[in-house]
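Open the model in your viewer and keep the sequence panel visible. The tour below goes stop by stop, saying what to select and what is found there.

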Amino acid sequence: MTFDVRRLGPGDLGLLLGLQERIAATLPEPGIFQTSTPEFIAYCLADGGLCYGVTHHGETVAYRFVYFPHDRPFNLAKDSALPPDEHAAVGHWDTAAVLPGWRGHGLARLMNVRALADVADTGIRHLFATSSPLNPHGVRTLSEAGFQPIDLIRKFGGKLRFLLYRPSPQGWPAVPAGTPERTVPFPDTGALEGAFRDGWTGAGLVLDGPGPARLRMHRRPPPFGAAQR
């Protein structure tokens, strides 16, 4: 089965609004998916980000937004310990969505590969994303793109979200031998919040076997600081 990833532009605003509405209407848990305003999408389609669509036989079946907040007030770096003088070099791995009939084909991964290659040619050095603990497969897709959870925060009107981070373009540094590791179930949000406060960060997911998804965690800080400059 052949899929093509293409960069979208200002003329695709109506296409994206229609896709967003169709996808949101199919989800059993509305809190998982955060819809975007026409103004936000138009900003990303212009010079405020990068937007992608996946087409199959001419039909667009998935999309991805990458958002550059620049000097706008909403910047996920403010929810982290990233130094303020680095906030201008932040990009958001924003919404990715796939029509129901096309899920399971790795379309989010295809868009991530293209977007990471494009972002590497910009001045963006820090990538942030959010994902719901109710959506472990979404967290896994971000993890496969090099993002790791560094906190649990409340965004979008109080919804609980993982805050994920990826240095750009090089990714997270290798984990030193002997770094302590633990696993925490996704539903145990209290334990997750406590672990993040105590200096643990995400290292991957465990989705196989009985029981809920679990987050593998290492006791290491996010790679912020002089090494990122």
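## Stop 1: the largest pocket

The largest pocket has a volume of about 1,100 Å³. Keep in mind that this is a predicted model. To find the pocket, select Phe 33, Ala 96, Ala 97, Asn 135 and Gly 138, which lie nearest its centre among the 41 residues of the lining. Next, colour β4 (90-98), α3 (107-119), β5 (126-131) and α4 (136-144), the elements that each give two or more residues to the lining of the largest pocket. Which of the elements gives the most to this lining? Select β4: seven residues of the lining of the largest pocket come from this strand. Colouring the lining by class gives 19 nonpolar, 16 polar and six charged residues.

## Stop 2: the seven-stranded sheet

Now show the strands. Seven of them form an open sheet with mixed pairing, in the order β1-β2-β3-β4-β5-β7-β6. Why is one side of β1 and of β6 left without a neighbour in the sheet? Both strands stand at the edges and each has a single partner strand, so there is nothing beside them in the sheet on the other side. From one strand to the next, the twist averages 30°.

Two helices can be added to this view. Helix α2 (residues 38-45) packs on the sheet and touches β2, β3 and β4; its direction makes about 85° with that of β3. Select helix α1 (residues 13-24) as well: it lies across β1, β3 and β4 and runs at about 100° to β3.

## Stop 3: strand β2 and its partners

Select residues 49-56, which make up strand β2. Eight of the eight residues are buried, so β2 is largely enclosed by the rest of the structure. The term buried is used here for a relative accessible area under 20%. In a regular strand the side chains alternate between the two faces of the sheet. In β2, both faces are covered. On one side are Gly 49, Cys 51, Gly 53 and Thr 55, and on the other are Leu 50, Tyr 52, Val 54 and His 56.

Then look at the strands that pair with β2. Strands of a sheet pair through backbone hydrogen bonds, either parallel or antiparallel. Strand β1 (residues 4-7) runs antiparallel to β2 and is joined to it by four bridges. Select Val 5 and you will find its bridge partner, Val 54, in β2.

Strand β3 (residues 59-67) also pairs with β2 in the antiparallel sense, over eight bridges. Two places to check along this pairing are Cys 51, whose bridge partner in β3 is Phe 65, and Gly 53, which stands opposite Tyr 63 in β3. β2 and β3 form a hairpin with two residues between them. In the turn, select His 57, which has a positive phi of about 50°.

## Stop 4: the three-stranded sheet

Move along the chain to another sheet. Here three strands form an open sheet in the order β8-β10-β9, with antiparallel pairing. β8 and β9 stand at the edges, and each has a single partner strand, so one side of each is left without a neighbour in the sheet. The twist averages 35° from one strand to the next. β8 and β10 pair over five bridges. One bridge to select is that of Glu 181 with its partner His 218 in β10.

## Stop 5: helix α5

Which strands does α5 lie across? The helix lies across β8, β9 and β10, and runs at about 15° to β10. Select residues 189-197 to see α5, then pick out its buried residues Leu 192, Gly 194, Ala 195 and Phe 196. The cover over these buried residues includes β6 (148-155), β7 (159-167), β8 (181-185), β9 (200-206) and β10 (214-219). Following α5 is Gly 199, whose phi is positive, near 95°.

## Stop 6: Pro 222

Finish in the segment after β10, where Pro 222 lies. Is Pro 222 buried or partly exposed? Its relative accessibility is 24%, so Pro 222 counts as partly exposed. Leaving aside neighbours within four places in sequence, Pro 222 is in contact with Ile 150, Trp 172 and Thr 201. For a last check in the viewer, select the C-alpha atoms of Pro 222 and Ala 191: they are 31 residues apart along the chain and separated by 19 Å.

Notes: Residues are numbered from 1 along each chain as its sequence is written. This is a predicted model: local features need pLDDT of at least 70, side-chain atom pairs count only at pLDDT 80 or more; totals for chains, interfaces and linings use all residues. Side-chain values use heavy atoms; hydrogens and water are left out. Buried means under 20% relative accessible area, exposed over 50%, partly exposed in between (1.4 Å probe, protein chains only). Two strands pair if DSSP finds at least two bridges between them. Contact means heavy atoms within 4.5 Å. On a 1 Å grid over the protein atoms alone, a cavity is a set of points where a 1.4 Å probe fits but cannot get out, and a pocket is an open set with protein on both sides within 12 Å along at least five of seven lines; lining residues have an atom within 4 Å of a point. Grid points are joined across faces, edges and corners, and a volume is the space filled by probe spheres set on the points. Ala, Val, Leu, Ile, Met, Phe, Trp, Tyr, Cys and Pro count as nonpolar, Asp, Glu, Lys and Arg as charged, and the others, Gly among them, as polar. Axes are lines fitted to C-alpha atoms, for helices over the stretch in contact, and angles run from 0 to 180 degrees between N-to-C directions.
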